[in-house]
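Please walk through the model below with the sequence and the coordinates side by side. The text takes up a pocket, then the helices, then the ring pairs and a few single residues.

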Amino acid sequence: MLAEYFDLIEAVGLDLFFAFIFIFIGLTVRDVMKTNDVPPIGQAVIYLVLLLGCVGFIAKSIIQLIFESQGVG
C-alpha cells in the first residue's frame with residue numbers, strides 16, 4: 001500500500017518542508033530585524049519579498065496540479 005501512495009506522500013512531504021522553511025526564514029528575518037532596529041518600510045519590503053516567494057511556490061503547485069490533471073505534464 002505504501003508503494004501505491006509513495007508519489008503522493010513525497011509531494012505532500014516536500015510541500016510541508018517548504019512551508020516549514022518559509023516559516024523558519026520568516027522567524028529568523030524577524031529576529032534579525034528586531035535586533036538591528038530596521039525601519040518599518042524596510043520590514044514591509046522584506047516581508048513582501050518573502051510573501052511573493054511563498055506565493056510563487058503555491059502558484060507553481062497549483063499550475064502543476066492543473067496541468068497534471070489535464071494530462072499535459
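In this predicted model, 14 residues line the largest pocket, and those nearest its centre are Ala11, Asp15, Lys60, Ser61 and Gln64. The space in this pocket comes to about 410 Å³. Two helices, H1 (6–35) and H2 (40–70), each supply at least two residues of the lining. H2 gives the most, with eight residues. Sorted by chemical class, the lining holds nine nonpolar residues, two polar ones and three charged ones.

The two helices can be taken in turn. H1 has 30 residues, and the distance from its first C-alpha to its last is 43 Å, close to the 44 Å expected at 1.5 Å a residue. H2 has 31 residues and reaches 44 Å between its first and last C-alpha atoms, again to be set against an expected value, here 45 Å, to which it is close.

What follows each helix? Just after H1, Asp37 takes a positive phi of about 50 degrees. Just after H2, Gly71 takes a positive phi of about 80 degrees. Most residues other than glycine have a negative phi. Asp37 is not a glycine, yet its phi is positive. Asp37 sits in the loop between H1 and H2. Is Asp37 buried or exposed? Its relative accessibility is 65%, and exposed means over 50%, so Asp37 counts as exposed.

The aromatic rings come next. The model has four aromatic pairs. In one of them, Phe17 and Phe18 have their ring centres 6.0 Å apart and their planes at 50 degrees, which makes the pair tilted. Planes under 30 degrees apart count as stacked and those over 60 as edge-to-face, so an angle between these limits is called tilted. Phe17 is partly exposed at a relative accessible area of 45%, and Phe18 is likewise partly exposed, at 29%. The rings of Phe20 and Phe24 are 6.2 Å apart between centres with 15 degrees between their planes, so this pair is stacked. Phe20 and Phe24 are four residues apart in helix H1, and so about one helical turn separates them. An α-helix has 3.6 residues a turn, so residues three or four places apart point the same way. Phe20 is exposed, because its relative accessible area is 52% and the cut-off for that class is over 50%. Ring pairs also join Phe17, Phe18, Phe22 and Phe57 into a cluster.

Phe22 appears again in the surroundings of Leu50. Leu50 belongs to helix H2. Which residues does Leu50 contact, leaving aside its neighbours within four places in sequence? They are Phe22, Ile25, Gly26 and Val29. For Gly26, the C-alpha atom lies 7.3 Å from that of Leu50, although 24 residues separate the two along the chain.

Phe17 offers another reference point for a residue of H2. Val45 lies in helix H2, and its C-alpha atom is 24 Å from that of Phe17, with the two positions 28 residues apart along the chain. Val45 has a relative accessibility of 45% and therefore counts as partly exposed.

Gln43 is also in helix H2. Is Gln43 buried or exposed? The relative accessible area of Gln43 is 19%, and buried means under 20%, so Gln43 is buried. Apart from neighbours within four places in sequence, Gln43 is in contact with Met33, Lys34 and Val38.

Definitions and conventions
Residues numbered from 1 in each chain as written. Predicted model: local features only at pLDDT ≥ 70, side-chain atom pairs only at ≥ 80, totals over all residues. Heavy atoms only, no water. 1 Å grid on protein atoms, 1.4 Å probe; cavity = no way out; pocket = protein on both sides within 12 Å on 5 of 7 lines; lining within 4 Å. Points joined across faces, edges and corners; volume = space filled by probe spheres on them. Nonpolar A, V, L, I, M, F, W, Y, C, P; charged D, E, K, R; others polar. Phe/Tyr/Trp six-rings, centres within 6.5 Å; stacked < 30°, edge-to-face > 60°. Buried < 20%, exposed > 50% of the residue type's maximum accessible area, 1.4 Å probe, protein only. Expected span 1.5 Å × (residues − 1). Contact = heavy atoms within 4.5 Å.
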